[in-house]
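Good morning, and thank you for coming. Please take a moment to look at the model on the screen before I begin.

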Amino acid sequence: MTEPIYYDNPMVQRCKAVITTFSEDRRTVVLDRTCFYPEGGGQPGDRGTVDHLPVTGTTGEPHTGVLHHLEKPLPADYGPGSTVEAALDWSHRYEYMQQHTGQHLLSGALYRVAEITTMSVHQGAEVVTIEVDAEDIPDSTLQLVEDEANRVIALDRRVRTFEVDHADLARYSLRRPTERNGTVRLVEIEDFDLVACGGVHLPRTGLLNVVKTVGSETIRGRRRLSFKIGDRALADYRLKHQAITTAAELFSSRADQVPDRIRSTQEELQSLHRTVRKQAQRIASLLLPDDMEMTGPFHLVLEDEVEEIFKALAERATEDPRRRIALVNVRPDAVHWAIVVGPDYPFPQQEIRERVLKPASAKGGGKPPLWRGVIPGQGNRRDDREEARRFIKSFIGIWE
């Protein structure tokens with residue numbers, strides 16, 4: 001049995017305790033009392049140290065003993081009756097107290113504002129998600145929920161826990177019914193929310209600072225909401241504020257003008273891409289004219305050509321069923337290649353793989369009449385050019 005100091009005072013960061021037992025490999029320790037909360041109720045177990053030995057996680061129950069899982073075995077001179085100091089990784093504990101308390105607050109706000117019931121919760125490393133019994137929630141409703149939660153944070157309401165017998169639960173107005181028997185632990189946000197819960201929470205709502213909705217999606221026919229809570233929300237605000245400020249500087253605009261400037265820039269880029277595409281197609285038609293002699297396999301070598309032109313050449317090559325062409329483009333990163341064998345000829349798939357691609361360690365593929373890919377760069381331009389020549393020679397060799 002372990003005395004749960006984390007319930008008596010969740011703000012305690014360290015405590016003296018006595019070892020009562022440990023595992024055979026000496027890497028799991030039970031103490032007579034602890035400030036370490038064991039994993040449960042969606043909240044991760046605490047981390048920290050026991051006499052400077054790292055604790056990677058905590059599991060178990062107070063009535064059977066809280067298990068402290070050590071990164072390294074307990075030294076040989078430690079045993080039952082040894083006094084140790086347990087110290088929390090406080091940033092980890094405090095963060096999840098914020099997440100758990102904030103989740104209670106948000107679930108309470110969802111119910112109070114729109115009578116939306118929480119079905120399940122996940123306290124992730126980045127966000128807290130709440131799955132609710134609604135297929136859709138208007139943005140205006142989510143805004144009201146967020147406002148209500150932040151109102152209660154500003155009021156700095158007391159958060160208290162107490163235990164009752166399950167037979168007396170009918171006397172309490174729980175937001176969500178519980179089927180637990182025996183002694184039931186209740187968590188109350190003063191004059192706002194009351195629910196059965198075995199986790200650890202902040203003593204007051206003011207310590208949450210702020211909550212913010214950051215996502216909403218449908219899953220399994222229900223709405224799943226994502227929230228940033230407490231310090232996570234402040235960090236998220238700082239990150240996004242810096243991003244929008246930088247964007248505004250780049251656009252020489254105000255922050256509120258950034259979305260319109262992005263849309264305008266996207267339209268300009270789309271127009272430019274269309275123009276580049278048309279010009280690439282014109283260049284391709286000049287390099288591969290319609291009246292080009294098609295008596296044998298052909299090759300075309302380019303250097304540092306832009307991707308749009310190389311792509312247009314490959315597509316242009318497929319327009320004539322008589323063409324058998326190997327295209328290469330020697331770029332700083334790799335030798336880009338394309339092979340076209342028109343439907344007037346059987347596509348020599350196996351021969352291309354074995355005689356052309358495999359010797360060059362070429363990557364890529366496709367389907368007739370066009371295969372495309374790259375040959376990894378050799379580190380200098382001369383070797384890459386030589387690799388391109390061997391590639392072409394191997395392709396032409398198929399038809400000899």
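Two strands are said to pair if DSSP finds at least two bridges between them. With that in mind, I turn to strand S20 of this predicted model.

Strand S19, residues 363-367, pairs with S20 in the antiparallel sense, over 5 bridges. A hairpin of 2 residues joins S19 to S20. Strand S18, residues 334-341, also pairs with S20 in the antiparallel sense, here over 7 bridges. Val374 is a useful residue to follow in S20: this residue is the bridge partner of His336, and Val374 is also the bridge partner of Lys363.

How do the side chains alternate along S20? In a regular strand, the side chains alternate between the two faces of the sheet. In S20, which covers residues 370-376, Trp371, Gly373 and Ile375 point to one face and are buried. Leu370, Arg372, Val374 and Pro376 point to the other face and are not buried.

Let me move to the largest pocket. Rolling a probe the size of a water molecule over the atoms shows where empty space is left. The largest pocket has a volume of about 530 Å³. Its lining is made up of 29 residues, and those nearest the centre are Gly41, Arg180, Ala196, Cys197 and Gly198. Helix H1, strand S6, helix H2, strand S9 and strand S13 each give two or more residues to this lining. The largest share, 5 residues, comes from S9. By character, the lining divides into 10 nonpolar, 14 polar and 5 charged residues.

One residue of that lining, Cys197, leads to the cysteines. A disulfide is a covalent bond between the sulfur atoms of two cysteines. How many disulfides does the model hold? The count comes to 0. The sulfur of Cys15 is 3.9 Å from the closest cysteine sulfur, that of Cys35, and is therefore too far for a bond, since the cut-off is 2.5 Å. Cys197 is in no disulfide either, as its nearest cysteine sulfur, again in Cys35, is 19 Å away. Cys15 counts as buried because its relative accessibility is 7%, and Cys197 is buried as well, with a relative accessible area of 8%.

Finally, I come to a loop residue. Ser253 is found in the loop between helix H4, residues 231-251, and helix H5, residues 258-287. Is Ser253 buried or exposed? Ser253 counts as buried because its relative accessibility is 15%, and the limit is under 20%. Leaving aside residues up to four places away in sequence, Ser253 touches Ala248, Val258 and Arg261.

Key. Residues are numbered from 1 along each chain as its sequence is written. This is a predicted model: local features need pLDDT of at least 70, side-chain atom pairs count only at pLDDT 80 or more; totals for chains, interfaces and linings use all residues. Side-chain values use heavy atoms; hydrogens and water are left out. Helices (H or I, at least four residues) and strands (E, at least two) are DSSP runs, numbered from the N terminus. Buried means under 20% relative accessible area, exposed over 50%, partly exposed in between (1.4 Å probe, protein chains only). Contact means heavy atoms within 4.5 Å. On a 1 Å grid over the protein atoms alone, a cavity is a set of points where a 1.4 Å probe fits but cannot get out, and a pocket is an open set with protein on both sides within 12 Å along at least five of seven lines; lining residues have an atom within 4 Å of a point. Grid points are joined across faces, edges and corners, and a volume is the space filled by probe spheres set on the points. Ala, Val, Leu, Ile, Met, Phe, Trp, Tyr, Cys and Pro count as nonpolar, Asp, Glu, Lys and Arg as charged, and the others, Gly among them, as polar.
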